[in-house]
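Please open the model in the viewer and keep the selection tool at hand. The tour proceeds from one selection to the next.

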Amino acid sequence: MNPLIITAAICGAETTKEAAPSLPVTSDELAAEALACEKAGAAIIHLHVRDDDGLPTQELETFRRAVAAMKSVGVTAIIQPSTGGAVGMSAKERLQPLSLNPEMASLDCGSLNFGDSYFINDHPLMRSFALEMSRRGIFPELECFEGGHIHNALRLRDEGLLPNHLHFNLVLGVPGALPASPENLIYLTSLLPEDASWTLTAVGKHQLPLSLVAMAAGGHVRVGLEDNIFLSKGILSEGNAPFVARTVRIAAELGRRVAGPDEVRQIFSLKQEKA
Ligand code: KMH
Ligand code: ZN
């Protein structure tokens with residue numbers, strides 16, 4: 001089977017320190033956590049950052065500090081800043097981390113209800129984000145929370161705004177959007193182009209069981225405190241690395257070798273980072 005790519009979503013925009021005391025929020029905490037996840041087997045770090053009050057921000061300097069801290073402790077994993085940010089942020093705010101010319105970034109492919117709020121990604125916004133990533137040679141991870149989002153991504157491809165290889169992140173179980181179930185995962189994968197690759201992100205208690213389905217089906221997986229804070233019912237995880245370590249153990253049982261960051265750079269044909 002193809003090697004497994006594990007993404008660690010170590011912070012997110014919605015998880016709070018109150019709910020998950022081990023949540024990394026400062027740049028030093030994010031760096032230590034990214035390194036622990038890489039050592040456990042993660043090839044990609046999906047990155048959100050927080051301000052001094054622990055609130056989500058897309059501020060460029062905060063991203064710059066977090067990325068520098070990660071590099072200074074020896075992180076070699078692919079750092080994938082979010083351009084989703086948090087609900088209610090403007091497109092201009094959300095785009096800021098692209099100025100760091102990361103190897104990858106998330107590209108949200110449609111609007112959805114998001115908890116009690118809504119997350120807006122209309123086509124002009126998606127087009128401008130894709131164009132900026134294309135201009136900078138940043139490989140987009142196509143975040144799809146609904147079936148229509150995959151069609152939106154293919155429209156961006158038809159407009160010439162995406163790279164040859166398409167990599168999707170199928171996100172299931174956000175309250176307000178497509179629920180996390182094997183049927184919905186199979187439905188979403190049925191909409192993908194044959195040569196595309198995909199990662200499964202399942203929210204909350206669905207993270208573990210649906211990750212098994214994804215791994216068995218040849219997909220990749222994302223784990224971490226952005227999406228789920230409990231290792232098992234009522235047991236809070238001590239950070240992100242235990243989720244990664246468990247995924248590696250399951251992958252071994254399934255006969256899936258885990259891909260390292262450089263192998264993923266080759267699979268996705270990532271450009272060399274610019275300073
Ligand atoms: N926090 C969500 C509203 C992404 O990182 O691109 C958006 C999100 C997706 O987390
Ligand atoms: Zn995110």
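Begin by selecting histidine 46 in this predicted model. Its relative accessibility is 2%, and histidine 46 therefore counts as buried, since the cut-off for that class is under 20%. Move next to histidine 48, which has a relative accessible area of 4% and is likewise classed as buried.

Now display the zinc ion (ligand 2). Which atoms coordinate this ion? The donors are His46 (NE2), His48 (NE2) and Glu226 (OE), at 2.1 to 2.2 Å. Along the chain, the donors of the zinc ion follow the spacing H-x1-H-x177-E.

Keep glutamate 226 selected and show ligand 1. A polar side-chain atom of glutamate 226 lies 3.1 Å from an oxygen atom of ligand 1. Glutamate 226 thus appears at two stops of this tour: as a zinc donor and in this pairing with ligand 1.

Select serine 106 next, where a polar side-chain atom is found 2.7 Å from an oxygen atom of ligand 1. Then select aspartate 108: an N or O atom of its side chain is 2.6 Å from an oxygen atom of ligand 1. On its own, ligand 1 has 300 Å² of accessible area, of which the protein covers 97%.

Finally, display the whole shell around ligand 1. How many residues surround this ligand? There are 13, and the closest are Glu14, Ser82, Gly85, Ser106 and Asp108. By class, the shell comprises 4 nonpolar, 6 polar and 3 charged residues. With a pocket display switched on, note that ligand 1 takes up the space of the largest pocket.

Notes. Residues numbered from 1 in each chain as written. Chains lettered and ligands numbered in written order. Predicted model: local features only at pLDDT ≥ 70, side-chain atom pairs only at ≥ 80, totals over all residues. Heavy atoms only, no water. Near = heavy atom within 4 Å. Polar contact = N/O pair within 3.5 Å; in protein donor to acceptor, adjacent residues only side chain to side chain. Areas by Shrake-Rupley, 256 points an atom, 1.4 Å probe, with all protein chains shown as cover. 1 Å grid on protein atoms, 1.4 Å probe; cavity = no way out; pocket = protein on both sides within 12 Å on 5 of 7 lines; lining within 4 Å. Sits in = over half its atoms within 2 Å of the grid points. Nonpolar A, V, L, I, M, F, W, Y, C, P; charged D, E, K, R; others polar. Donors = N, O, S within 2.8 Å, 3.2 Å for Na, K, Ca; no water. Buried < 20%, exposed > 50% of the residue type's maximum accessible area, 1.4 Å probe, protein only.
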